[in-house]
Amino acid sequence: KVSIPVYGCGFLHQNSFWLPRFNTMSPKQRDLWVSCFDPSIYLSGIQCPILWVNGTNDFAYPMDSYQKSYDMVPGEVNLCIRVNMPHGHPQGWTPMEIGRFVDSHLKEGRSFPRISEMKVEKNSVNSIFESQLKIKEGSLHFTKKEGPWNNRKWQTLPAILDGNTVVAHLPDERPIVVYLSITDDQGALVSTPHQIIL
């Protein structure tokens with residue numbers, strides 16, 4: 001009925017914690033592993049609503065492979081990307097968004113917040129959102145475009161809530177990677193896919 005991968009993604013052979021292991025394989029072994037076991041082979045078949053939960057600096061599942069993965073899913077995709085979310089078992093089952101998302105699909109009641117893909121307009125970005133609960137804050141998250149994803153320093157600035165739209169002015173630095181998030185008054189955070197602004 002619903003799926004919530006925490007941290008994990010596909011394209012592990014392109015960028016992930018396991019690149020050194022792939023480098024020990026022969027090309028034939030590598031191709032066999034990818035064709036049978038990498039999640040990227042299966043993501044296009046997901047039909048249920050899905051919530052992806054991860055951190056910006058995860059050591060194992062970087063943001064580029066992560067985005068390639070959720071872009072493959074043909075159905076409903078929701079993101080909960082937190083700046084510097086720690087990686088671990090307790091940290092992975094702690095996010096309240098997991099239960100809220102499941103309940104929104106399996107139980108009657110207040111739905112989970114949703115946010116549209118971010119639009120870039122000159123020196124600002126914006127997204128439209130839906131929520132049955134009050135949205136208490138919007139945020140712009142950004143980092144430099146270069147360097148390993150897990151080593152990049154992310155910064156967060158307040159965004160403006162205007163009706164059902166969240167708007168943020170972009171910093172002057174270019175190129176940068178940016179995304180927006182909103183948080184409802186019970187603490188559930190949803191975010192847009194990240195984009196590179198040149």
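Author: A salt bridge is a side-chain nitrogen of Lys or Arg within 4 Å of a carboxyl oxygen of Asp or Glu. The structure shown above is a predicted model, in which local features need pLDDT of at least 70, side-chain atom pairs count only at pLDDT 80 or more, and totals for chains, interfaces and linings use all residues. Residues are numbered from 1 along each chain as its sequence is written, and side-chain values use heavy atoms, with hydrogens and water left out.

Reader: How many salt bridges does the structure hold?

Author: The structure holds four salt bridges, among them the pair formed by R100 and D184.

Reader: Why is the pair of R100 and D184 called a salt bridge?

Author: The N to O value for R100 and D184 is 2.8 Å. This value falls within the limit of 4 Å, so the pair is called a salt bridge. The two residues belong to distant parts of the chain, 84 residues apart, with R100 in helix α5 and D184 in strand β9 (residues 176–184). R100 and D184 are each buried, a word that stands for under 20% relative accessible area, whereas exposed stands for over 50% and partly exposed for what lies in between (1.4 Å probe, protein chains only).

Reader: What makes α5 a helix?

Author: A helix is a DSSP run of H or I with at least four residues, a strand is a run of E with at least two, and numbering starts from the N terminus. Helix α5 covers residues 96–106. Its buried residues include E97, I98, R100 and F101.

Reader: What covers the buried residues of α5?

Author: The cover includes strands β1 (50–55), β2, β9 and β10, together with helix α4 (89–93); contact here means heavy atoms within 4.5 Å.

Reader: How do you know that R82 and E97 meet in a salt bridge?

Author: The side chains of R82 and E97 stand at 2.4 Å, N to O, and this is within 4 Å, so the pair meets the definition. R82 belongs to strand β2 and E97 to helix α5, so this salt bridge ties together parts that are 15 residues apart in sequence.

Reader: Which class of accessibility, buried or partly exposed, does each of R82 and E97 have?

Author: R82 has 29% relative accessibility and therefore counts as partly exposed. E97 has a relative accessible area of 0% and is therefore buried.

Reader: Why is the pair of E76 and R114 still called a salt bridge?

Author: The N to O value of this pair is 4.0 Å, which does not go beyond the limit of 4 Å, so the pair is counted. E76 sits in the loop between α3 and β2 and R114 in strand β3, so the salt bridge ties together parts 38 residues apart in sequence. With 23% relative accessible area, E76 is partly exposed, and R114, at 36%, is also partly exposed.

Reader: How do you know that β5 and β8 pair?

Author: Two strands pair if DSSP finds at least two bridges between them. Five bridges join β5 (residues 124–130) to β8 (residues 165–169), so these antiparallel strands pair. S127 has V166 in β8 as its bridge partner.

Reader: What makes β7 a partner of β8?

Author: Three bridges join β7 (residues 155–162) to β8, so this antiparallel pair also meets the definition. I160 stands opposite V167 of β8. The hairpin of β7 and β8 has two residues between the strands, and in this hairpin G163 takes a positive phi near 65°.
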